[in-house]
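Here are some exercises to work through with the model open beside you. Try each task before reading its solution.

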Amino acid sequence: MNKPRFLVTGCAGFIGGHMLEKLLAEGYETVGVDNFSTGKPENLARAGGGFKFIEGDLCDPAVSEAAVAGVSHIIHLASVPSVPRSIANPGESMRSSVLSTVTLFAAAAKAGVRRVVQAASSAAYGDGEKLPKTEDMPPAPLSPYAASKLAQEYYGMAFSASLGLDCVSLRYFNVFGPRQDPGSEYSAVIPKFITLMLEGRRPTIFGDGSQSRDFIYVGDVAAGNLAAALHPEALRGQVLNLARGERIDLNQLVEKINAALKTGLSPVHAPPRTGDILHSVADISRIGRVIGFVPAVSFDEGLSLTIDHYRKARSVRTGEKGTNPC
Ligand code: UD1
């Protein structure tokens, strides 16, 4: 069998940039597609020039068809990844996740792509009390983002069942790591808190800080995607949790960042965020059983790599201009 040729959708995003780097480092021929709706040219620049880049929107059938041409495996990451942003703009969330996915999958099925690994979300579990989350629990989407991500899973199943496209949906829990965008109101909590606290500013916790997440390092997510892509047996639309299987609450997170930065910043508390879930932690036994994947980076190790990144980014910036980090 020929060596796989990959397409990474959303390759200019945070996870996409890391995925691209991993595939190129492992010598795979790779194509990337992005419409820069949330992705950034810097993430492409870091990966160097050894891949083909297509700028465009996957909802356009011509873009999807061009992207899948000659490709055997797809890592489908493109989407607008924010719960509050989807509440502010549900249509955007549906278009960026659902319509783009159906258009891409139709093109991929026609082109004879062998495997699609797509980014699904733990948001699909909603706020049920039962922990840890196992894949056989009934879904309960609480936001348009969660509903869209769940719809992507169903399309993965449907295309696997009736259009000959072998898909697997990985339910990412909370992904973090270097180069996650800290600068928007919709940014994820870890890059936001690290960059604020590096400036000596107090982070804002929505709620009392007892809410918890299963944070997974981005390098592990890239490795999990690749393991799923290369798995030799058919995966037939299966859904698998991709997480560490441990939870950290937000008060602990602030403590850990304080300890690493040698600061003593206490958080400010604001009302809980609409659509927020309280606790999230995965049972990761199924992904271990099905594709043999086990995460390799501990939370503390990942946090330390992430803090190093933002510290360096800040010193470069302050060295240059004496202004804001990142
Ligand atoms: C995140 C992902 C989403 C993914 C989901 C999986 C981001 C932006 N979103 O959503 O794509 O599908 O995990 O579970 O990565 N918080 C604060 N202060 C802040 C920012 C956030 O207290 O300044 C709190 C939030 O209220 C929430 C927690 O931190 O309780 C995590 O928030 P966030 O990083 O936005 O991630 P999720 O909403 O869990």
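**Exercise 1. Find how strand β4 pairs with strand β5, then with β1.**

Start with β5, which covers residues 115-121: β4 and β5 pair in the parallel sense over four bridges. Strands here are DSSP runs of E with at least two residues, helices are runs of H or I with at least four, and both are numbered from the N terminus. Two strands count as paired if DSSP finds at least two bridges between them. Within this pairing, Ile74 has Val116 of β5 as its bridge partner.

A word on the source: this is a predicted model, in which local features need pLDDT of at least 70 and side-chain atom pairs count only at pLDDT 80 or more, while totals for chains, interfaces and linings use all residues. Residues are numbered from 1 along each chain as its sequence is written, and side-chain values use heavy atoms, with hydrogens and water left out.

Next, turn to β1 (residues 5-9), which runs parallel to β4 and is joined to it by four bridges. Here Val8 stands opposite Ile75.

Finally, look at the side chains of β4 (residues 73-76). His73 and Ile75 point one way, Ile74 and His76 the other way, and all are buried. Buried means under 20% relative accessible area, exposed means over 50%, and partly exposed lies in between, with a 1.4 Å probe and protein chains only.

**Exercise 2. Describe helix α6 and what its buried residues pack against.**

First, its length: α6 spans residues 144-162, which makes 19 residues. From first C-alpha to last, α6 reaches 26 Å, close to the 27 Å expected at 1.5 Å a residue. The expected span is 1.5 Å times one less than the number of residues.

Second, its buried positions include Tyr145, Leu150, Gly156 and Phe159. The buried residues of α6 pack against β4, α4 (83-88), α5 (90-111), β5, β6 (167-172) and β11 (238-242).

Third, look just past the end of the helix: Gly164 takes a positive phi of about 70 degrees.

**Exercise 3. How many disulfides does a search of the whole structure find?**

The search finds zero; a disulfide is a pair of cysteine sulfur atoms within 2.5 Å. Take Cys59: its closest cysteine sulfur is that of Cys11, and because the two are 16 Å apart, they are too far for a bond. Cys167 is in no disulfide either, with the sulfur of Cys59 as the nearest, 17 Å away. Both of these cysteines are buried, Cys59 with a relative accessible area of 12% and Cys167 with 0%.

**Exercise 4. Which residues are closest to the ligand, and which polar contacts can you find?**

Begin with the surroundings. There are 20 residues around the ligand (a heavy atom within 4 Å), and the closest are Ser121, Ser122, Arg213, Arg273 and Asp276.

Then look for polar contacts, that is, pairs of N or O atoms within 3.5 Å; within protein, one must be able to donate a hydrogen and the other to accept it, and residues adjacent in sequence count only if both atoms are side-chain atoms.
- The side chain of Arg273 places an N or O atom 2.7 Å from a ligand oxygen.
- A backbone N or O atom of Thr204 is 2.8 Å from a ligand nitrogen.
- A polar backbone atom of Phe206 is 2.8 Å from a ligand oxygen.

Now examine Ser121, which lies in β5 and is buried, with a relative accessible area of 7%. Its side chain reaches the backbone nitrogen of Ala123 at 2.9 Å. Beyond its neighbours within four places in sequence, Ser121 is in contact (heavy atoms within 4.5 Å) with Tyr145, Lys149, Leu170, Arg171 and Tyr172.

Finish with Arg213, found in strand β9 (residues 212-213) and buried at 11% relative accessible area. A polar atom of its side chain lies 3.3 Å from the backbone oxygen of Leu278. Not counting residues up to four places away in sequence, Arg213 touches several residues, among them Asn174, Glu246 and Asp276.

**Exercise 5. Is Asp34 buried or exposed, and which backbone nitrogens does its side chain meet?**

Asp34 sits in strand β2 (residues 29-34) and is buried, with a relative accessible area of 6%. A polar atom of its side chain lies 2.8 Å from the backbone nitrogen of Ala12. The side chain of Asp34 also reaches the backbone nitrogen of Phe36, at 2.7 Å.
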